[in-house]
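Here are my notes on the model you asked me to look over, written as numbered points. Please keep the structure open beside the text as you read.

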Amino acid sequence: MKTLKTILSIFCLAVFAVSCSSDNDNGPEPIKYAEENPLDAYMAGSGFSQKAVDVKNSGIYEYGFSFKPTVTGKINALVVKIPDVNPTLRITVWDAATKTVIKSETINVATANVTVEKAITPIVLTKDKEYFFTVNSDDWINRTKTDGSAATYPIVAGNITITGYAYISSTAAETIFPTNARNTYYAGDMSFKFQRTE
C-alpha cells in the first residue's frame, strides 16, 4: 500500500511538472497595440481643422484620402460624420496601385453631424503599401485653412501617413476611383480605427 502511495505521488508530481513546463513553453503574451484614428492628426498636420462648412445635397462624389501604414496592421472599424442623414452611406478601401476595391461597407448615418462608428471584419493592411479610403456621398464637411492655402503632403498621423486627397463625380450606384487630387481642402469626415499587429 505504501508503495502504491509513493507511485501515485511521483505520478502526480510528474504530471504537475509537465503541465507547468508546457505553460512556460508558450512564451510571453503577444503585444496588443491600441487602436488609433488618424483623422485628428491629419486635420492638425494639414491645417484643415481651422474652418469647417457643412455641404448638403451637392452632387454625388467618391472622395477621400490616400495613405500608407508605416507598420503592418488592420482596420477594425469605420468612423464617419456627415451633415445629413444617410441610411446607406458606402465607404470603400482601395488598393491605390491597382485602383481596385479591397472592400466596401455600408453605414447607417441616422443623425446628421453625429459621429457613427461601425465595427467590421478586419481589413489587413501591409506596411508601406498605399491604399485609398473613400466615401460615396452628396454630403460632406468641407474643411480648409482660414487663409485658403494648400497643405503639404505627406502628413504623418501616428502609424498612418496620409499621402493625398482626391475626388471624382459619381452616382449612388457606382464606385469610381478618385483621380482629381486637391491640396487646398478636405471633404469628410470619415476615417477608421487602425490597429498595429506586428
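Notes on the predicted model

1. Lys99 has a relative accessibility of 44%, and it therefore counts as partly exposed, since that class lies between under 20% for buried and over 50% for exposed. Please bear in mind from the outset that this is a predicted model. Lys99 is located in the loop between β5 and β6, and its phi is near 60°, which is a positive value in a residue other than glycine.

2. The two strands on either side of that loop deserve a careful look. With four residues between them, β5 and β6 make a hairpin, and Lys99 belongs to its turn. The strands run antiparallel and are joined by eight bridges, β6 covering residues 100–109 and β5 covering residues 86–95. One of the pairings to look for is that of Ile91, which has Glu105 of β6 opposite.

3. Thr88 is a useful residue for seeing how the hairpin brings parts of the chain together. This threonine has its place in strand β5, and its C-alpha atom is separated by 5.5 Å from that of Thr106, although the two residues are 18 residues apart along the chain. Leaving aside residues up to four places away in sequence, Thr88 touches Thr106 and Ile107. Is Thr88 buried or exposed? With a relative accessibility of 55%, Thr88 counts as exposed, because the class begins over 50%.

4. A separate point concerns an open sheet of three strands, which are arranged in the order β2-β9-β13 with antiparallel pairing. The edges are taken by β2 (51–55) and β13 (186–188), and because each has a single partner strand, one side of each is left without a neighbour in the sheet. On average, neighbouring strands here are turned by 25° against each other, when direction is ignored. Between β9 (residues 140–144) and β13 the antiparallel pairing extends over three bridges, and Ile141 has Gly188 in β13 as its bridge partner.

5. Turning to the aromatic side chains, the structure contains 16 aromatic pairs. One of them is formed by Tyr61 and Trp140, whose rings are 5.7 Å apart from centre to centre, with 85° between the planes, an edge-to-face arrangement. This pair links distant parts of the chain, since Tyr61 is in strand β3 (residues 61–69) and Trp140 is in strand β9, 79 residues apart. Tyr61 is partly exposed at a relative accessible area of 25%, whereas Trp140 is buried at 11%.

6. There is also an aromatic cluster, whose members include Tyr42, Phe65, Tyr131, Tyr153 and Phe192. Above the ring of Tyr131 sits the charged end of Lys129, at 5.8 Å from the ring centre.

7. Helix α2 (residues 39–46) shows how burial can be distributed around a helix, for Leu39, Tyr42, Met43 and Ser46 are buried in this helix. When α2 is seen down its axis, these buried residues fall within an arc of 95°, so they line one face of the helix. Asp40 and Ala44, on the other side of α2, are exposed. The elements that cover the buried residues of α2 include β3, β9, β10 (155–157), β11 (160–169), β13 and β14 (190–196). Just after α2 comes Gly47, with a positive phi of about 85°.

8. Finally, a few backbone details should be checked residue by residue. Tyr153 and Pro154 are joined by a cis peptide bond with omega of about 5°, and Pro154 lies in the loop between β9 and β10. A cis peptide bond also leads from Gly188 to Asp189, with omega near 10°, and Asp189 is found in the loop between β13 and β14. Asn57, in the loop between β2 and β3, has a phi near 50°, a positive value in a residue other than glycine. Asn57 is exposed, with a relative accessible area of 55%.

How values were computed: Residues are numbered from 1 along each chain as its sequence is written. This is a predicted model: local features need pLDDT of at least 70, side-chain atom pairs count only at pLDDT 80 or more; totals for chains, interfaces and linings use all residues. Side-chain values use heavy atoms; hydrogens and water are left out. Buried means under 20% relative accessible area, exposed over 50%, partly exposed in between (1.4 Å probe, protein chains only). Contact means heavy atoms within 4.5 Å. Two strands pair if DSSP finds at least two bridges between them. Axes are lines fitted to C-alpha atoms, for helices over the stretch in contact, and angles run from 0 to 180 degrees between N-to-C directions. Rings of Phe, Tyr and Trp (its six-membered ring) pair if their centres lie within 6.5 Å; planes under 30 degrees apart count as stacked, over 60 as edge-to-face and the rest as tilted. A charge sits over a ring if NZ of Lys or CZ of Arg is within 6 Å of the ring centre and within 35 degrees of the ring normal. The arc is that of the directions from the helix axis to the C-beta atoms.
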